[in-house]
Amino acid sequence: MESRPMLFKLLNAIDTRFEISKIDAHCDIPCRIYDPMTAQIAALSVVRLMDIMDETISGDGDALNQQNTIARCVGRKEEEAEKAKHEVRIIWGDYFKQPQFDAFPEIHEITHQIMLTASACKQGTTRVSGEKLVEQVNRFAEIYWHSKDIKTASYPCPYPPNLPTVYPILG
């Protein structure tokens, strides 16, 4: 453990001797590379995991395997809900600036609602909450793409839970 403070002292001495400028990154990912699709997939996954839990409880099977499936789904559902929150926070905090806030004043409220709904999804298993999360994240995605002057369209995602999903129209 003593090598850490010694290494720190050495690096500080080098910094002082050579007057190396300090820099700080201003965002979490390389500039201008943002996409709400990760949050959308996470929200869709929350609903799918809720569906799997419901199918497991409703189905026949041995109790131990059912408990195992439910436990795994609960853990993944919470991770996916947190991922949706994380991805939205990154875009809201790093991409959106005053010009976008002025053009899309709803972005603050929708972001806050996503945080609340994702937390509700972590706490419970109500599919309606999951669907609401998907709707909110889709609205966030729509605002994001429109802030870049990119039109969007909504289509059912091509996999379960087959819910409407906002996609950018590229090209």
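Let's start with Arg-139, which at 27% relative accessibility counts as partly exposed, a label for anything between buried, under 20% relative accessible area, and exposed, over 50%, with a 1.4 Å probe and protein chains only. Its partner is Glu-142, also partly exposed, with a relative accessible area of 24%. The two form a salt bridge in which the closest N and O atoms are 2.7 Å apart. For the cut-off, a salt bridge here is a side-chain nitrogen of Lys or Arg within 4 Å of a carboxyl oxygen of Asp or Glu. Both residues sit in helix α6 (residues 127-147), 3 residues apart, about one turn of the helix. Helices and strands are DSSP runs numbered from the N terminus, with H or I over at least four residues for a helix and E over at least two for a strand.

A quick word on what we are looking at. This is a predicted model, where local features need pLDDT of at least 70 and side-chain atom pairs count only at pLDDT 80 or more, while totals for chains, interfaces and linings use all residues. Residues are numbered from 1 along each chain as its sequence is written, and side-chain values use heavy atoms, with hydrogens and water left out.

Back to the charges. Side chains of opposite charge can pair when their charged atoms come close. How many salt bridges does the structure hold? The count is 10. One of them joins Arg-76 and Glu-79, with an N to O distance of 2.5 Å. These two are 3 residues apart in helix α3, so about one helical turn separates them. Arg-76 is partly exposed at 39% relative accessibility, and Glu-79 is partly exposed too, at 45%.

Glu-82 and Lys-122 give us another bridge, with their closest N and O atoms 2.8 Å apart. This pair links distant parts of the chain, as Glu-82 is in helix α3 and Lys-122 in helix α5, 40 residues apart. Glu-82 has 28% relative accessibility and Lys-122 has 25%, and each counts as partly exposed.

Now to the aromatic rings. A pair of aromatic rings is described by the distance of the centres and the angle of the planes. The rule used here takes rings of Phe, Tyr and Trp (its six-membered ring) and pairs them if their centres lie within 6.5 Å; planes under 30 degrees apart count as stacked, over 60 as edge-to-face and the rest as tilted. By this rule there are 7 aromatic pairs. In one of them, Tyr-34 and Tyr-95 have ring centres 5.8 Å apart and planes at 55°, so the pair is tilted. Tyr-34 lies in the loop between α1 (3-18) and α2 (37-58), and Tyr-95 in helix α3 (residues 63-95), so the pair ties together parts that are 61 residues apart in sequence. Are these two tyrosines buried or exposed? Tyr-34 is buried, with a relative accessible area of 10%, and Tyr-95 is buried at 14%.

Phe-96 and Phe-101 make a pair of another kind: their ring centres are 6.4 Å apart and their planes meet at 15°, so they are stacked. Phe-96 is buried at 2% relative accessible area, and Phe-101 counts as buried at 17%. If you follow the ring pairs along, they link Tyr-34, Tyr-95, Phe-96, Phe-101, Phe-140, Tyr-144 and Trp-145 into a cluster.

Phe-140 also takes us to Thr-111, which touches Val-88, Trp-92 and Phe-140, leaving aside residues up to four places away in sequence. Contact means heavy atoms within 4.5 Å. Thr-111 sits in helix α5 (residues 106-123) and is buried, at 5% relative accessibility.

Gln-136 is in helix α6, and at 9% relative accessibility Gln-136 is buried. With the same sequence neighbours set aside, its contacts are Ile-110, Gln-113, Ile-114 and Thr-117. The C-alpha atoms of Gln-136 and Pro-161 are 16 Å apart, with their positions 25 residues apart along the chain.

Last, the cysteines. A disulfide is a covalent bond between the sulfur atoms of two cysteines, and here it is a pair of cysteine sulfur atoms within 2.5 Å. The count is 0 disulfides. Why does Cys-121 have no bond? The closest cysteine sulfur, in Cys-73, is 14 Å from that of Cys-121, too far for a bond. For Cys-157 the closest cysteine sulfur is in Cys-121, 15 Å away, again too far. Cys-121 is buried at 0% relative accessibility, and Cys-157 is buried at 2%.
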